[in-house]
Amino acid sequence: MTGQAQAGRPIKLLRNLNAKIASIPMILTALVIFVGGTFWTVFYSFTNSKLLPRLSFVGIDQYERLWAAPRWVTAIENLALYGVLSLVFSLVIGFMLAALMDQKIRFENTFRTIFLYPFALSFIVTGLVWQWVLNPDFGIQSVVRSMGWTSFTFNPLYTPEIVIYGILIAALWQGTGLVMCLMLAGLRGIDEDIWKAARVDGIPMWRTYLFIVIPMMRPVFITTIVIIASGIVKVYDLVVAQTSGGPGISSEVPAKYVYDYMFQAQNLGQGFAASTMMLVTVAIIIVPWAYLEFGGGRKRG
């Protein structure tokens, strides 16, 4: 009977055959466009391509020029600072807002809509709005000075040392609402008996969140971090809308560097080299995390 049952089972490769057939176009798209495009970019980053790709190999010259360019170094420094602060503040503010919303407050749906609304806007619109808000002539600085504090100064977009913080403010305003909704969904998935047991044991609220709730929300945090990180790496619209990389090159980011060299300076080789370095940076972060999350974690289990 056991042998007959095993013989009647479909071959593992043929299980869910219709779904596998339906996924073939997406698999081919991923292989041809994404994987193929990646290899194509890396290949031509070792050439002296200008307006059009050409097979004129120059070795690693493009990478040497790239890391010798002050504009690229500034872009990497800005991305690192913006990335760390954006990740930390998005998680902290989003979780705190979610924890407050989880207290069954009145008009919860209204507040949730208000907090999430900025995410529905395009980055260009957000950038332009915050360019006006932070403009010293008619923005926050002007309003505060009109109230009597004539010495008040808040001019981040026109101050090279702090311009990246002005971009960060706009990014947090737009993205924190989404983080809040993700965290709120995770909090609503926590069993009510856990909260009751914590209250019975006299565990303070902050310890309950820190040592019980947050560890249980690990999948939610991982998903949120991936979403935030993907937005950090490709940040471009906000910079263009708010500062266009200025003052000078003080708010340059890698994505803008790539765009400018590929489509404005007509230097495809340099743009490909910058794109490849962005890919390597992402791979250095993602590959170890993916191994620990999906490879090492399963072996431990």
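Helices here are DSSP runs of at least four residues, numbered from the N terminus. With that in hand, let's walk through this predicted model.

A good place to start is the record. The unreviewed UniProt entry annotates "transmembrane region" over residues 21-46, 79-101, 113-133, 162-187, 208-233 and 272-292. Two of these stretches can be set beside the model itself. Residues 21-46 are 92% helix and 0% strand, and the C-alpha atoms at the two ends of that stretch lie 38 Å apart. For residues 113-133 the figures are 71% helix and 0% strand, with 22 Å between the end C-alpha atoms.

Next, look at how two of the helices meet. Two packed helices are described by the angle between their axes and the distance between the axes. Helix H4 spans residues 70-101 and helix H8 spans residues 163-188; the two pack at an angle of about 40°, and their axes are 6 Å apart. Because of that angle, H4 is oblique to H8. Their crossing is right-handed. Sorted by class, the residues in the contact of H4 with H8 are 22 nonpolar, five polar and one charged.

Both helices turn up again in the largest nonpolar core, a set of 35 residues. Which residues have the most contacts inside this core? They are Tyr 82, Phe 95, Met 183, Leu 187, Tyr 209, Val 213 and Met 217. At least two core residues come from each of H4, H8, helix H10 (205-216), helix H11 (218-233) and helix H12 (237-242). The biggest contribution is that of H8, which gives twelve residues.

Now for the loops, where a few backbone details deserve a look. Following H12, the loop that leads to helix H13 (254-264) contains Pro 247. The peptide bond joining Gly 246 to Pro 247 is cis, with omega near -5°.

Two other loop residues have a positive phi although neither is glycine. One of them is Phe 107, whose phi is near 55°; Phe 107 sits in the loop between H4 and helix H5 (108-116). Is the Phe 107 side of this story buried or exposed? Phe 107 has a relative accessible area of 54%, so this residue is exposed. The other is Gln 266, also with phi near 55°, in the loop between H13 and helix H14 (268-300). Gln 266 has a relative accessibility of 42%, and therefore counts as partly exposed.

Terms used. Residues numbered from 1 in each chain as written. Predicted model: local features only at pLDDT ≥ 70, side-chain atom pairs only at ≥ 80, totals over all residues. Heavy atoms only, no water. Axes fitted to C-alpha atoms, helices over the stretch in contact; angles between N-to-C directions. Parallel < 35°, antiparallel > 145°, perpendicular 65-115°, else oblique. Left-handed = near helix turned anticlockwise from the far one by under 90°. Nonpolar A, V, L, I, M, F, W, Y, C, P; charged D, E, K, R; others polar. UniProt positions renumbered as here; feature names shortened; annotations may be inferred. Core = buried A, V, L, I, M, F, W, Y, C linked by side-chain atoms within 4.5 Å. Buried < 20%, exposed > 50% of the residue type's maximum accessible area, 1.4 Å probe, protein only.
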